[in-house]
Amino acid sequence: MDVALKPLSNKEEPEKDVWNAKELIERKITKLPTLVDPIFPKCGSIALAGGSDLGKSTFLRQFALSVAIGDSSFLGWDLKTQHQRAIYVSTEDDKDQITISLKTFNEHRNLKSEKFEGVDFVFAIENLVTTLRNRITINKIDVLIIDAFLDVFPGVMNDGGQVRRFITEYDQLAKEFGFLVIFNHHAGKRTQMFAPSKDNLLGSQSFEARMRLVIEMRPDFVDDNKLHLCIVKGNYLSPEYKKESFVIEANENRYFSNTGEREVFEHLRESVKEKQDLKKLCWDLKEEGKTVREIEVDLRSQGYKISKSTVNRYLKEREE
């Protein structure tokens with residue numbers, strides 16, 4: 001549904017380009033303004049990174065919808081929206097796939113369609129910055145989500161200069177209009193052998209350097225419905241946020257909630273030797289005639305962290 005665009009209020013003045021130090025110190029803010037308190041800053045660029053097929057897009061769509069619906073919290077943290085509007089640039093899913101995703105989301109929330117008017121989905125990326133500026137000039141937003149970064153970035157990922165210039169264009173747009181940009185990005189291959197880290201992101205270090213916050217998403221080794229949000233960069237956050245993951249869980253509609261559980265980063269790495277040992281155990285138990293479910297129960301009773309889908313994947317690898 002196309003949403004009628006409304007002009008900005010005359011009371012909303014553009015951000016100044018130059019500030020005097022006296023003006024800055026006299027401002028009344030005493031802490032960093034946030035969109036999700038205290039995790040997401042109100043303005044600037046941040047990144048969510050991880051392997052493929054984890055649920056990063058589903059997670060980000062849920063956040064965009066929470067912003068537009070007017071939720072007061074997200075995953076238990078205070079959500080401080082100003083405009084209750086979001087723009088979602090989708091390069092991997094088309095309008096049919098997004099339609100199904102929205103209907104699935106609403107099976108959990110059961111809202112009238114009018115409640116979704118605050119989110120615009122953009123599918124064409126040609127002249128993207130111009131398209132975004134035109135819409136944001138008329139209707140200000142709280143968040144812009146770019147899903148996915150590599151599809152929008154036209155340069156060479158390992159060229160730090162190109163990466164910095166590209167991100168700066170979006171970062172400046174965000175600062176001009178006072179919104180947050182979230183880039184959906186990929187972690188490098190085989191990085192699950194290492195603990196969560198900002199160094200696991202794909203490509204140039206310049207990408208991570210330009211982000212105010214970086215969250216690496218990791219799968220849970222035991223429960224397929226759980227994911228780990230690992231804050232691997234956030235200079236304004238105290239160390240307690242950056243040593244352990246925040247465990248989120250999806251229901252049957254892929255709607256995420258915060259379990260309240262935490263896990264130390266080191267426990268989220270996948271050892272090559274442990275992986276090979278587990279594969280062999282799975283194969284041996286299968287030869288004994290046990291089912292996938294029985295193998296999972298057997299291994300977990302021995303203290304191994306493994307899910308049914310992982311057992312099934314290991315068995316299929318041997319068949320191939």
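This passage describes the sheets, one helix pair and two buried helix residues of a predicted model.

The confidence of the prediction is considered before the architecture. Across the protein, the mean pLDDT is 90, and 94% of the residues reach 70 or more. The stretch of residues 1–14 is a region where pLDDT stays under 50, and for these residues the model has 17 contacts beyond four places in sequence. Where pLDDT is low, the predicted coordinates should not be read in detail.

Nine strands are arranged in an open sheet, and their order, read from one edge to the other, is E7-E6-E8-E9-E3-E10-E11-E12-E13, with mixed pairing. The edges are formed by strand E7 (119–122) and strand E13 (256–264), each of which pairs on one side only. On average, neighbouring strands of this sheet are turned by 25° against each other, when direction is ignored. Strands of a sheet pair through backbone hydrogen bonds, and the pairing may be either parallel or antiparallel.

Within this sheet, strand E3 (residues 44–50) has its place between E9 and E10. Strand E3 is mostly covered, since seven of its seven residues are buried. The residues of E3 point in two directions: Gly-44, Ile-46, Leu-48 and Gly-50 point one way, whereas Ser-45, Ala-47 and Ala-49 point the other way, and all of them are buried. On one side, E3 pairs with strand E9 (residues 180–186) in the parallel sense, over seven bridges. In this pairing Ser-45 stands opposite Val-181 of E9, and Ala-47 has Phe-183 of E9 as its bridge partner. The pairing of E3 with strand E10 (residues 213–219) is likewise parallel, and it is made by five bridges; here Ala-47 stands opposite Val-214 of E10. Ala-47 can therefore be followed from E3 into both neighbouring strands, because its partner is Phe-183 in E9 and Val-214 in E10, while Ala-47 itself is buried.Strand E9 is itself largely enclosed by the rest of the structure, because six of its seven residues are buried. Strand E9 also pairs with strand E8 (residues 143–147), and these two strands run parallel and are joined by four bridges. In the pairing of E8 with E9, Ile-146 stands opposite Phe-183 of E9, and Phe-183 is also the bridge partner of Ala-47. Towards the edge formed by E13, strand E12 (residues 244–250) is joined to E13 by six bridges, and these strands run antiparallel. One of the residue pairs found there places Phe-246 opposite Arg-262 of E13.

A further sheet is built from four strands, which form an open sheet in the order E2-E1-E5-E4 with antiparallel pairing. Its edge strands are strand E2 (40–41) and strand E4 (73–74), and each of these pairs on one side only. Strand E4 pairs with strand E5 (residues 77–79) in the antiparallel sense over two bridges, and the bridge partner of Phe-74 in E5 is Trp-77.

The helices are considered next, beginning with a pair in contact. Two packed helices are described by the angle between their axes and the distance between the axes. The axes of helix H2 (residues 56–69) and helix H3 (residues 95–109) come within 11 Å and cross at roughly 60°, and the crossing of H2 and H3 is right-handed. On the side of H2 the contact is made by Arg-61, Gln-62, Leu-65 and Ile-69, and on the side of H3 by Ile-98, Ser-101, Leu-102, Phe-105 and Arg-109. Sorted by class, the contact of H2 with H3 consists of five nonpolar, two polar and two charged residues.

Two single residues in other helices complete the description. Leu-315 lies in helix H10 (residues 308–319), and Leu-315 counts as buried because its relative accessible area is 8%, which falls under the 20% limit used for buried residues. When neighbours within four places in sequence are left aside, Leu-315 is in contact with Cys-282, Trp-283, Lys-286, Val-292 and Ile-295. Leu-315 and Val-292, one of these contacts, are 23 residues apart in sequence and 8.7 Å apart in space, C-alpha to C-alpha. Gly-161 has its place in helix H6 (residues 160–177) and is likewise buried, with a relative accessible area of 14%. Gly-161 and Phe-207 are 46 residues apart in sequence, and in space they are 9.9 Å apart, C-alpha to C-alpha.

Methods. Residues numbered from 1 in each chain as written. Predicted model: local features only at pLDDT ≥ 70, side-chain atom pairs only at ≥ 80, totals over all residues. Heavy atoms only, no water. Axes fitted to C-alpha atoms, helices over the stretch in contact; angles between N-to-C directions. Left-handed = near helix turned anticlockwise from the far one by under 90°. Contact = heavy atoms within 4.5 Å. Nonpolar A, V, L, I, M, F, W, Y, C, P; charged D, E, K, R; others polar. pLDDT = per-residue confidence, 0-100. Buried < 20%, exposed > 50% of the residue type's maximum accessible area, 1.4 Å probe, protein only. Pairing = 2+ DSSP bridges.
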